[in-house]
Amino acid sequence: MHADHKSQTQHSGNTRINSRQFEALFNNVIIGILITNQHGEIIGINKFAEIQFGYVQNELIGEKIEKLIPHRFHNKHVEDRAHFYKSPKTRMMGAGLNLFALRKDGIEFPAEISLSNYELDGETYVIALIVDATARKQNELQLLEKNSELEKATGEIRQLNEDLEKKVTMRTEMLKETLTALEQSQQELKDLYEKERELNHLKSRFVSMASHEFRTPLSTILSSVDLIKRYTSSEDTDKREKHIEKIQNAVRNLGYILDDFLSLGKLEEGLVEVARETIDAQDMIAETETLAQEIIQSFRKAHQLEFHHSLQNTSLALDRKLLRNILTNLVSNAAKYSPEKSMIKIHFHRNAQGLTITVSDDGIGIPEKDQEHLFERFFRAGNVGNIQGTGLGLYIVKRYIELMGGNISLKTQLKPGTTFEIFLPQP
Amino acid sequence: MPKKILIIEDNNDIRENVEELLSLTGFEVITASNGTNGIEIAMLEKPDIIVCDVSMSDVDGYEVLKHLKKNEQSKSIPFIFLTARSEKKDIQYGLSLGASGYLVKPFSEKELISAINNSLLKTSG
């Protein structure tokens, strides 16, 4: 009992909630509280609910609960209420209902209402807790608006993204094209640079070759002239003549070199034109033989010349000048690169297609590795030693023959020595 | 006693003409028509001076000079290049090997003889 007493003392003090404290709680809680009886009449209302609905103290006691509900819901509410009292169920706040309450001044406000019930002396009472949901609704509305804005923005962003992707794809495509174009122009530039480099290389080779090729015969000329000046007496006639011949040969050699340079220049500029004329075959043979004899004599190596042809009284359509140049080059080469007293053979053969000329010698031949480069500008075979030459002759010969629609080939199977075969088509 | 000159030149016309000119001038002239032969004759004959071409098919003039400079007996023989190689770098290279003269073709009799005399003076003095 002592313990009970003690506990009672404690509870009747500050801690145990008594009816006064219940009343204080009822009137000070920040939520609207309504209590109705079975008839839907308000039997209790707290201060906060009165403020919510705009009524003064006890003004609502005994009034039907429908007084606080907008008129348009009255009928339904009366039914719902009857139903509720029959089988009362607790209803939590925010049960997904869109409820509205009516203030004394006629203004509606959205409300969250929970319902619970209790029985006392055989009667059922309902407690309603009411929260003004205006702010929440507004928030919800705002949230909805925000959401829809957000959705709109998201949609816009999606659209922007799609546009951006399209643009990126397009730009990438353009970039690719630009890159390809760039690569192409780079390649073109590289090619041009290579060409330029090759040209410069050719130029410098030409200059050093030209310098060397001119200086050598010029040295002979100048020193022979100095010697002729020394030989003043009549007994020196032979010596003078020997040097005059040396000078003549050197000058002729210079002439050939100059011819090569001029021919090269004209070929490179595309200025060489084929001027065909009708030549009697016998005349052409005679001219060639004279030319070959002159060339061979100028080399002073006592070469023998074999001349053979199967041409009857026929005429040929040829460019006299170009043919002369071709034969000069080939016969000079034959004489230049073959030993003294050796044989140089020139053969002519005519068939339905055209004229074939072969020039062969018993000279040093052309090494196999050099054969593929034989017709390139400035190329000279590895076995030429100190024999003078520009490296242009066979290039010019080949170009001339091609201009006349023909071809030239090296007959490698005929060894030792060298044999060139020219074919010139005839109409 | 006449000075002995060795001419190393593979071009027949030029070799003959130089030989003729220098003989007429009073030198004793011996000749070689290629580099290998030139080195042999130089070692054998001990000429007072050598006039040598550069571009030769077997051993070129630069190699001839390098070879002679390596040998105690031939290293002090005055050596003149007589060549169609007229570029500055060729001349500089030739002189850097120890040549006492570098004559570019075509040359006159006067140029040749004064180059030879200058080289002989340089080495004897």
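So, chain A first: of its 427 residues, buried ones make up 20%. Keep in mind as I talk that this is a predicted model. Chain A has a mean pLDDT of 88, and 96% of its residues reach 70 or more. The part to be careful with is residues 1-12 of chain A, where the pLDDT is below 50 and the stretch has 2 contacts beyond near neighbours in sequence. Where pLDDT is low, you shouldn't read the predicted coordinates in detail.

In terms of secondary structure, chain A comes to 10 helices and 12 strands. If you take its contacts with a separation of 6 or more, 59% are between residues 24 or more positions apart.

Let's zoom in on helix 7 of chain A, residues 281-299. Why do we expect a span of 27 Å there? Well, the helix has 19 residues, and at 1.5 Å a residue that should give 27 Å; the end C-alpha atoms are indeed 27 Å apart, so the two agree. Now, which residues of this helix are buried? Those are M284(A), T288(A), A292(A) and I295(A). They sit on the same side of helix 7 of chain A, because they cover an arc of only 65° around the axis. That pattern fits a general point: an α-helix has 3.6 residues a turn, so residues three or four places apart point the same way. Turn to the other side of the helix and you find D283(A), A286(A), T290(A) and E294(A), which are exposed.

And what covers the buried residues of helix 7 of chain A? The list includes helix 8 (320-336) and several strands of chain A, among them strand 6 (277-280), strand 7 (304-309) and strand 9 (343-350). Right after helix 7 of chain A comes R300(A), with a positive phi near 50°.

Next, helix 6 of chain A, residues 237-268. With 32 residues at 1.5 Å each, it should span 46 Å, and its end C-alpha atoms are 46 Å apart, so again that agrees. Its buried residues include H243(A), K246(A), A250(A), Y256(A) and D260(A). What do they pack against? Within chain A, against helix 5 (134-230), helix 8 and helix 10 (393-403), and, from the other chain, helix 1 of chain B. Following helix 6 of chain A is G270(A), where phi is positive, near 70°.

That brings us to the place where the chains meet. The contact takes 16 residues from chain A and 19 residues from chain B. On the chain B side, helix 1 (residues 12-25) gives the most, with 7 residues. Sorted by class, that side of chain B has 8 nonpolar, 6 polar and 5 charged residues.

So what does chain B look like on its own? There are 5 helices and 5 strands, and from the N terminus on they run β-α-β-α-β-α-β-α-β-α. Of the 125 residues of chain B, 45% count as buried.

Last topic, the cores. The largest nonpolar core has 35 residues, and those with the most contacts inside it are I5(B), I50(B), V51(B), C52(B), F79(B) and I80(B). Take I5(B): leaving out residues up to four places away in sequence, I5(B) touches L22(B), F27(B), V29(B), I49(B) and I116(B), among others. There's also a second, separate core of 30 residues, which includes L323(A), V359(A), L424(A) and A292(A). We met A292(A) earlier, as one of the buried residues of helix 7 of chain A.

Terms used
Residues are numbered from 1 along each chain as its sequence is written. Chains are lettered from A and ligands numbered from 1 in the order in which they are written. This is a predicted model: local features need pLDDT of at least 70, side-chain atom pairs count only at pLDDT 80 or more; totals for chains, interfaces and linings use all residues. A nonpolar core is a set of buried Ala, Val, Leu, Ile, Met, Phe, Trp, Tyr and Cys residues joined through C-beta atoms within 7 Å. A residue is buried if 20 or more other C-beta atoms lie within 10 Å of its own, exposed if 12 or fewer, and partly exposed in between; C-beta atoms are placed from the backbone. Two residues are in contact if their C-beta atoms, placed from the backbone, lie within 7 Å. Helices (H or I, at least four residues) and strands (E, at least two) are DSSP runs, numbered from the N terminus. Ala, Val, Leu, Ile, Met, Phe, Trp, Tyr, Cys and Pro count as nonpolar, Asp, Glu, Lys and Arg as charged, and the others, Gly among them, as polar. The expected span of a helix is 1.5 Å times one less than its number of residues. The arc is that of the directions from the helix axis to the C-beta atoms. pLDDT is the predictor's confidence in each residue, from 0 to 100.
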